[in-house]
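Please open the model in your viewer with the chain drawn as a cartoon, and keep a selection tool at hand. The tour below moves from stop to stop, saying at each one what to select and what is found there.

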Amino acid sequence: MTNDADTLATALYATTDDILKEHPGLAPWRPPVGITPRLSDAELVTLATMQAVLGFTSEAKRLRHARAHLRHLFSYLPEQPGYNKRLRKAAGLMRSVNRILATTTSAWSDDVWVVDSTPVACGRSRETVKRSDLAGWAQYGDYASHSRFFWGLRLHLVCTLQGLPIAFALTGAKADERETLLDLLAAECELLRERLRQTLIDDKNYFGRGFERELPEHGVQLLRPVRKGERERPGAALFKPLRQVIESINETFKGQLDLERHRERAPGGVIARVMQRNLALTAAIWHNDATGQTVLRSLIAYGH
């Protein structure tokens, strides 16, 4: 662990602990009478976030590394089965902490967002597909940029230009990106309630007269590249460098946070792992913003 990582972990723990003291209802439910966990919910969130930041894809390796290098931060570390169960139950808490951290950054008020979806593969063999509890949610879909098909889910992500996650959705691989975005904006209507005009940059897949008529009803102005046969659209010259922003965010999820190597075969587990990585990215940006560092500083700075 680097000094940066230690500082991030300490700040995240203190903030999460304060959030839970102020809003105890955010904590995962547990019986009023029973054994108090030796690892607090704030410590659990911090441990999960730091493990994602440090880039371990194996749960066993994560816990071995924690026992070897994080003992100065955590007085108790659970065994793997107990840790997995608690992490799945804490997905809602991680989502709440993620939103609270995001809203305290300077990037939260940005009036330009980018949106895209990226595959989350959940199995590579026919036997895995047949046995997985994800069957019925996960689907076969097209991984266009790699010219191949995959079986799994798709992460739809709305971010600022600084890479701060604003909203996300997990769907089957065949889900329509346009319908998912509209559903996401409807479900997260408070995001746009206080924004007079929000610009949304996307790719060529977000098109259609009905879709483009409905977005202004949410207070969103759409900017996208020209499709074949269309007339030139405003701002076309800006798209190439700005599209690299969302590509770099997806690469952070896949390359540094190992999104596709989550190793989960149950819906609750996949959701928890995605939230774990989402929170890791948000926490790094939040900490950089709070300490006056470059917001886009790589996770490598935290010892990834």
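## Enclosed spaces

In this predicted model, the count of cavities of 30 Å³ or more comes to two. For orientation around them, the chain has 304 residues, of which 50% count as buried, and its secondary structure comes to 11 helices and six strands.

Begin with the largest cavity, which has a volume of about 90 Å³. To display its lining, select Arg95, Asn98, Arg99, Pro165, Ile166, Ala167, Phe168, Glu188, Met275 and Asn278. Colouring by element then shows that helix H5 (91–103), strand E4 (165–172) and helix H11 (267–290) each give two or more residues to this lining, and that E4 gives the most, with four residues. If you colour by residue class instead, the lining of the largest cavity divides into five nonpolar, two polar and three charged residues.

Next, select Val115, His156, Val158, Glu177, Thr180, Leu181, Leu184 and Tyr206, which line the second largest cavity. The volume here is about 30 Å³. Strand E3 (148–160) and helix H7 (177–187) each supply at least two residues of the lining of this second largest cavity, and H7 gives the most, with four residues. By class, the lining of the second largest cavity is made up of five nonpolar residues, two polar ones and one charged one.

## Along helix H7

Stay with H7 and show its side chains. Which residues of H7 are buried? They are Glu177, Thr180, Leu181, Leu182, Leu184 and Leu185; among them, Glu177, Thr180, Leu181 and Leu184 are also in the lining of the second largest cavity. At the start of H7, zoom in on Asp176, where a side-chain oxygen comes to within 2.8 Å of the backbone nitrogen of Arg178.

## The aromatic pair

Now return to Tyr206, one of the lining residues of the second largest cavity, and add Phe211 to the selection. The structure holds one aromatic pair, and because the ring centres of Tyr206 and Phe211 are 6.3 Å apart with their planes at 40°, the pair is tilted. Tyr206 counts as buried, since its relative accessibility is 0%, and Phe211 is buried as well, with a relative accessible area of 7%.

## Thr160 in strand E3

From there, move to strand E3 and pick out Thr160, which is found in that strand. Is Thr160 buried or exposed? With 0% relative accessibility, Thr160 counts as buried. To see what surrounds Thr160, display Ala107, Asp110, Val112, Trp113, Val114, Ile166, Val245 and Ile249, which Thr160 touches when residues up to four places away in sequence are not counted. Of these neighbours, Ile166 will be familiar from the lining of the largest cavity. A distance drawn from the C-alpha of Thr160 to the C-alpha of Leu200 should read 9.5 Å, although the two residues are 40 apart in sequence.

## The open pocket

For the next stop, leave the cavities and find the second largest pocket, in which about 360 Å³ of space lies. Its lining has 19 residues, and those to select for its centre are Trp29, Arg30, Ile35, Pro37 and Arg86, which lie nearest to it. Helix H2 (41–54) and helix H4 (80–89) each supply at least two residues of the lining of the second largest pocket, with H4 providing the largest share, four residues. When coloured by class, the lining of this pocket has 10 nonpolar, four polar and five charged residues.

## Two last selections

Select Gly55, which is placed in the loop between H2 and helix H3 (59–69). Gly55 is partly exposed, because its relative accessible area is 23%. A line drawn from Gly55 to Leu259 spans 9.8 Å, C-alpha to C-alpha, while the two residues are 204 apart in sequence.

Finally, go to helix H1 (residues 3–22) and select Thr16 within it. At 1% relative accessibility, Thr16 counts as buried, and, leaving aside neighbours within four places in sequence, Thr16 is in contact with Ala42, Val45 and Val97. To close with the whole chain in view, consider the contacts between residues at least 6 apart in sequence: 68% of them join residues at least 24 apart.

Terms used: Residues are numbered from 1 along each chain as its sequence is written. This is a predicted model: local features need pLDDT of at least 70, side-chain atom pairs count only at pLDDT 80 or more; totals for chains, interfaces and linings use all residues. Side-chain values use heavy atoms; hydrogens and water are left out. On a 1 Å grid over the protein atoms alone, a cavity is a set of points where a 1.4 Å probe fits but cannot get out, and a pocket is an open set with protein on both sides within 12 Å along at least five of seven lines; lining residues have an atom within 4 Å of a point. Grid points are joined across faces, edges and corners, and a volume is the space filled by probe spheres set on the points. Ala, Val, Leu, Ile, Met, Phe, Trp, Tyr, Cys and Pro count as nonpolar, Asp, Glu, Lys and Arg as charged, and the others, Gly among them, as polar. Buried means under 20% relative accessible area, exposed over 50%, partly exposed in between (1.4 Å probe, protein chains only). A polar contact is a pair of N or O atoms within 3.5 Å; within protein, one must be able to donate a hydrogen and the other to accept it, and residues adjacent in sequence count only if both atoms are side-chain atoms. Contact means heavy atoms within 4.5 Å. Rings of Phe, Tyr and Trp (its six-membered ring) pair if their centres lie within 6.5 Å; planes under 30 degrees apart count as stacked, over 60 as edge-to-face and the rest as tilted.
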